Amino acid sequence: MSDRTSLPVPAGFDPARAVELARQTLEIESQALQGLKARLGEEFAQAVQAVLRCAGRVVVTGMGKSGHVGRKIAATLASTGTPAMFVHPAEASHGDLGMITPQDLVLAISNSGESDELTAILPVLKRLFIPLVAMTGRRESTLARHADIVLDTSVPKEACPLNLAPTASTTAQLALGDALAVALLDARGFKEEDFARSHPGGALGRKLLTHVRDVMRSGPLVPRVAPGTSFTEMMREMSAKGLGATAVVDDDGRVLGIFTDGDLRRWIEKGADLRTMTAEQVMTRQPKLVREDELAVEAADLMEEARITSVLVVDAAGRLVGALNTHDLMRAKVI
């Protein structure tokens, strides 16, 4: 097998020209976006209103590179509070058109506005009275004539030196799709919590959706002793549960105090004869507690503020139901 890293660089390659072309590409696409920004107005607001009135989904469609952009726009809309899906126009002509209902709105993307696969389904959409928003670079195109609302994504030229490969035009489409999604999420009052619900596997989702009860130790894994427990027995309980602390609870399970590895060091420094003492005598009273229905990130904030590595978890009645330490939060990727 040949080593690809050893393949010769084409003789005509000029590093300086490569960098210059990259800069020209960014400049051309930047100018395209500035032109798009200047044209935004009433039609964009109408498109936002049309989507807000839509009782179904936004069905995004487009061919080729516009189709790739459309898939991304549909995904962005769906993740920011606007139900959306992508339907390939060629597949729509062979059955997938049945996925579009009269309650939906279609966002069709085509720079030329003349893609055969796309124009073929336009009459059907009109017969079904489905609202059609066009994102196109030609206002006189077939797509634009069929559309209820036209969003102009025209660009002076492509960044491609041959002015052929879609570059600046797809950048304009993508940016306008993002602008549409942002305007919609603002109009819907979309919050961080809403975003987290559609991204449960992401960092934000874990922070905003994970509750203490989801990551805490519970049942027999929670170290607990009665106030009259001897120091020796209490240490056995701590060692067996491996939390570095134990709760001291009354007969009803309500937390009276906590004893931690830090408490042990402090008592030893005092020179106390711990073998003669009970849990109640050495525990720290009124310890920091968290409710099981609190967000795990709130527990993490409490532990950081109090500079502790473990915290006891209680229910609404103050009864011990669990325990949590920083390792539990790290395993759950909350911190």
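How many of the five residues of strand β1 are buried? Five of the five are, so far as this predicted model shows. Strand β1 covers residues 58–62, and it makes a good place to start.

Look at the directions in which the residues of β1 point. V58, V60 and G62 point one way. V59 and T61 point the other way. Both groups are buried. Here buried means that a residue has under 20% relative accessible area. Strand β1 is thus mostly covered.

Now find the neighbours of β1. One is strand β2, residues 84–86. Three bridges join β1 to β2, and the two strands run parallel. Within this pairing, V59 stands opposite M85 of β2. Follow the chain between these two strands. From β1 it passes through helix α3, residues 64–79, and then reaches β2. This β-α-β crossover is right-handed.

Strand β3 also pairs with β1. It spans residues 105–110. The pairing is again in the parallel sense, and it runs over five bridges. Look for V59 once more: it stands opposite V106 in β3. So V59 has a partner position in β2 and another in β3.

Next, turn to the empty spaces. How many cavities of 30 Å³ or more does a search of the whole structure find? It finds one. The largest cavity holds about 30 Å³ of space. Its lining is made by A47, V51, V58, L105, L107, V133 and L180. V58 brings us back to β1, where this residue is buried. Two elements give two or more residues to the lining of the cavity: α2, residues 42–53, and β3. What classes of residue form this lining? Seven are nonpolar, none is polar and none is charged.

The pockets come next. The largest pocket has a volume of about 430 Å³. It is lined by 18 residues. Those nearest its centre are T260, R266, I308, T309 and S310. Strand β8, residues 255–260, and helix α13, residues 261–270, each supply at least two residues of this lining. The largest share, five residues, comes from α13. By class, the lining of the largest pocket has five nonpolar, seven polar and six charged residues. Set that beside the lining of the largest cavity, which has no polar and no charged residues.

The second largest pocket contains about 180 Å³ of space. It is lined by 14 residues, and M63, K65, S66, N111 and P166 are the closest to its centre. Helices α3 and α8 (168–187), along with strand β3, give two or more residues each to this lining. You have met α3 already, in the crossover from β1 to β2. You have met β3 as a strand that pairs with β1. The lining of the second largest pocket divides into three nonpolar, nine polar and two charged residues.

Finish with helix α15, residues 296–306. Which of its residues are buried? They are A296, V297, A299, A300 and M303. These residues lie on the same side of α15, because they cover an arc of only 155 degrees around the axis. A general rule helps here. An α-helix has 3.6 residues a turn, so residues three or four places apart point the same way. Just after α15 comes R307, which takes a positive phi of about 60 degrees.

Definitions and conventions
Residues numbered from 1 in each chain as written. Predicted model: local features only at pLDDT ≥ 70, side-chain atom pairs only at ≥ 80, totals over all residues. Heavy atoms only, no water. Buried < 20%, exposed > 50% of the residue type's maximum accessible area, 1.4 Å probe, protein only. Helix = DSSP H or I, 4+ residues; strand = E, 2+ residues; numbered from the N terminus. Arc of directions from axis to C-beta. Pairing = 2+ DSSP bridges. Right-handed = clockwise from strand over helix to strand, strands pointing away. 1 Å grid on protein atoms, 1.4 Å probe; cavity = no way out; pocket = protein on both sides within 12 Å on 5 of 7 lines; lining within 4 Å. Points joined across faces, edges and corners; volume = space filled by probe spheres on them. Nonpolar A, V, L, I, M, F, W, Y, C, P; charged D, E, K, R; others polar.
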